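Here is a friendly walk through a protein model, told in questions and answers. Each answer sets a value against the rule that gives it its name.

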Amino acid sequence: MAEVAEAKRNFLEYSGPKPGVKYPISVLYCGECGVPVEYCEFYPTYEKCKAWLEKNLPDEFEKLKVDKTPTVVVASGEDDGAAAETKEEEGEKKKRQTRGGKAIMKAKKKIEPQGIKLWTQTRGKKKKVTIIVGLASYEIDLKEASKFFAGKFSCGSSISGEDEIVVQGDVKDELFDILPEKWKIIDEDDIDDCGEKK
């Protein structure tokens with residue numbers, strides 16, 4: 001019991017400056033991610049950090065640079081099969097996505113603008129909502145559009161579905177003027193009133 005208390009006391013005591021260390025300690029920080037350069041490799045922007053480090057601190061870049069390609073040494077012709085297997089394994093690892101690696105981005109198909117459709121729908125007995133469909137085909141961010149409608153009409157607005165925004169209240173008539181005014185790529189002729197949705 002006394003040994004544990006002694007160990008805790010020694011652990012918490014300050015022993016003064018360590019010999020061989022120049023004080024104050026200067027730490028080099030990355031200009032890209034803002035952390036010490038030793039920790040850049042753990043950030044998702046590591047490639048940008050490496051480029052910044054190579055440009056601004058070449059000495060530190062040389063210290064941190066590690067050659068990760070394994071070398072295969074073949075002494076005689078008898079190990080050729082093993083060397084071929086390791087090369088195949090390396091090629092397979094390059095093909096597969098490693099954990100935490102960059103995912104392959106799928107190219108988005110360019111959708112031809114197909115016009116905007118507006119409906120009103122009755123909720124309850126007296127309440128109405130306006131449904132707007134087709135904004136995504138004009139490459140308009142639905143989240144931003146929903147926030148705009150909520151602020152403009154002082155009501156609730158939400159995204160329901162892949163290309164559908166529901167605005168509380170019957171605001172269909174105002175949308176004919178507001179949509180072309182806010183987003184110039186929308187023509188007033190592209191907006192279609194589909195009436196009441198059941």
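Q: Which residue in β4 is the bridge partner of Ile132?
A: In β4, Ile165 is the bridge partner of Ile132. A word on where this comes from: this is a predicted model, in which local features need pLDDT of at least 70 and side-chain atom pairs count only at pLDDT 80 or more, while totals for chains, interfaces and linings use all residues. Residues are numbered from 1 along each chain as its sequence is written, and side-chain values use heavy atoms, with hydrogens and water left out.

Q: What makes β2 and β4 a pair, and in which sense do they run?
A: Two strands pair if DSSP finds at least two bridges between them. Five bridges join β2 to β4, so the rule is met. The two strands run antiparallel.

Q: How do you know what counts as a strand or a helix here?
A: Both are DSSP runs, numbered from the N terminus: helices are H or I with at least four residues, and strands are E with at least two. The protein chain comes to six helices and five strands. Their order from the N terminus is α-α-α-α-β-β-α-β-β-α-β.

Q: Which strands does β1 pair with, and how many bridges are there?
A: Strand β1 (residues 116-123) pairs with β5 in the parallel sense over four bridges, and Ile116 stands opposite Ile191 in β5. Seven bridges join β1 to β2, and these two run antiparallel. Here Trp119 stands opposite Ile131 in β2. The hairpin of β1 and β2 has three residues between the strands, and Gly124 takes a positive phi near 75°.

Q: What joins β3 to β4?
A: Three bridges join strand β3 (residues 157-159) to β4, and the strands run antiparallel. Ser158 stands opposite Val166 in β4. β3 and β4 form a hairpin with four residues between them, and Gly161 in the turn has a positive phi of about 105°.

Q: Why is the contact of Asp193 and Lys172 called a salt bridge?
A: A salt bridge is a side-chain nitrogen of Lys or Arg within 4 Å of a carboxyl oxygen of Asp or Glu. The side chains of Asp193 and Lys172 meet at 2.9 Å, N to O, so the pair qualifies. Asp193 lies in strand β5 and Lys172 in helix α6, so the pair ties together parts that are 21 residues apart in sequence. By this rule the count comes to four salt bridges.

Q: Why is Lys172 called buried, while Asp193 is called partly exposed?
A: Buried means under 20% relative accessible area, exposed means over 50%, and partly exposed is in between (1.4 Å probe, protein chains only). Lys172 has 8%, so it is buried. Asp193 has 38%, so it is partly exposed. Of the 198 residues of the protein chain, 23% count as buried.

Q: What makes Lys128 and Glu196 a salt bridge, and where do they lie?
A: Their closest N and O atoms are 3.4 Å apart, so the pair fits the rule. This pair links distant parts of the chain: Lys128 is in strand β2 (residues 127-133) and Glu196 in strand β5 (residues 191-196), 68 residues apart. Lys128 is partly exposed at 32%, and Glu196 is partly exposed at 39%.

Q: How do you know that Lys50 and Glu47 form a salt bridge?
A: The N to O distance is 3.8 Å, so this pair also falls under the rule. Both residues lie in helix α2 (residues 46-56), three residues apart, about one turn of the helix. Lys50 is partly exposed at 29%, and so is Glu47 at 47%.

Q: Why is Ile25 called exposed?
A: Ile25 has 57% relative accessibility, so it counts as exposed. This residue is found in the loop between α1 (2-12) and α2.

Q: Which residue of the negative patch is found in the loop between β4 (164-168) and α6 (172-182)?
A: Asp170 is found in that loop. With a relative accessible area of 45%, Asp170 is partly exposed.
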